[in-house]
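Subject: Structure for you to look at

Dear colleague,

I am handing over the structure we spoke about, and below it you will find my notes on what turned up. Please keep the view open while you read, so that you can follow each step on the screen.

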Amino acid sequence: MATATYTVTGMTCGHCVSSVKEEVSEVLGVTSVEVDLASGLLTVESDSSVGTAEIVAAVEEAGYEVANPA
């Protein structure tokens, strides 16, 4: 099991959080997604190592950006 944390910018409400969670949850291998609106932190747990590019693409699909992706 792997855990990764990202900072998402542009979220302003609960709907934003739901959109990000929905898109990231669809990434193959992701088992858990937590989003904190106040801090912008996105925590992703997965069965295996999920690539940063896949998470960034999912966040962008939801309409937001990842600050300083590694």
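How many disulfides does the structure hold? There are zero, and since this is a predicted model, that answer, like everything below, describes the model as it was computed. The cysteines are a good place to see the reasoning. The closest cysteine sulfur to that of cysteine 13 belongs to cysteine 16, and because the two sulfurs are 3.5 Å apart, they are too far from each other for a bond; a disulfide would need the pair of sulfur atoms to be within 2.5 Å. Cysteine 13 sits in the loop between β1 and α1 and, with a relative accessibility of 31%, counts as partly exposed, whereas cysteine 16 is buried, its relative accessible area being 5%. Cysteine 13 also has a neighbour from further along the chain, for its C-alpha atom is separated by 7.1 Å from that of leucine 37, although their positions lie 24 residues apart in sequence terms.

Now to the sheet. Four strands make up an open sheet, arranged in the order β2-β3-β1-β4, and their pairing is antiparallel. At the edges are β2, which covers residues 30–36, and β4, each of which pairs on one side only, and from one strand to the next the twist averages 35°. As general background, the strands of a sheet pair through backbone hydrogen bonds, and this can happen in a parallel or an antiparallel way.

Strand β1, residues 2–9, is worth following residue by residue. With β3, residues 41–46, β1 forms an antiparallel pair over six bridges; among the residues involved, threonine 3 has glutamate 45 as its bridge partner in β3, and tyrosine 6 has leucine 42. With β4, residues 65–67, β1 pairs in the antiparallel sense over three bridges, and here the partner of threonine 7 is alanine 67.

Two helices come next. Helix α1, residues 14–25, packs on the sheet and touches β1, β2 and β3, while its direction makes an angle of about 160° with that of β2. One residue of α1 to look at is serine 19: is serine 19 buried or exposed? Its relative accessibility is 17%, so serine 19 counts as buried, the cut-off for that word being under 20%. Leaving aside residues up to four places away in sequence, serine 19 touches Ala62 and Tyr64.

In helix α2, residues 52–61, the buried residues include Ile55, Val56, Ala58 and Val59. Why do they lie on the same side of α2? They do so because the arc they cover around the axis is only 160°. These buried residues pack against β1, α1, β2, β3 and β4. The face of α2 that is turned away from the buried side carries Ala53 and Glu61, which are exposed. After α2 comes glycine 63, whose phi is positive, near 100°.

If you would like a route through the structure, I suggest starting with the cysteines, then tracing the sheet, and finishing with the helices.

Best wishes

Note on methods. Residues are numbered from 1 along each chain as its sequence is written. This is a predicted model: local features need pLDDT of at least 70, side-chain atom pairs count only at pLDDT 80 or more; totals for chains, interfaces and linings use all residues. Side-chain values use heavy atoms; hydrogens and water are left out. Two strands pair if DSSP finds at least two bridges between them. Axes are lines fitted to C-alpha atoms, for helices over the stretch in contact, and angles run from 0 to 180 degrees between N-to-C directions. Contact means heavy atoms within 4.5 Å. Buried means under 20% relative accessible area, exposed over 50%, partly exposed in between (1.4 Å probe, protein chains only). The arc is that of the directions from the helix axis to the C-beta atoms.
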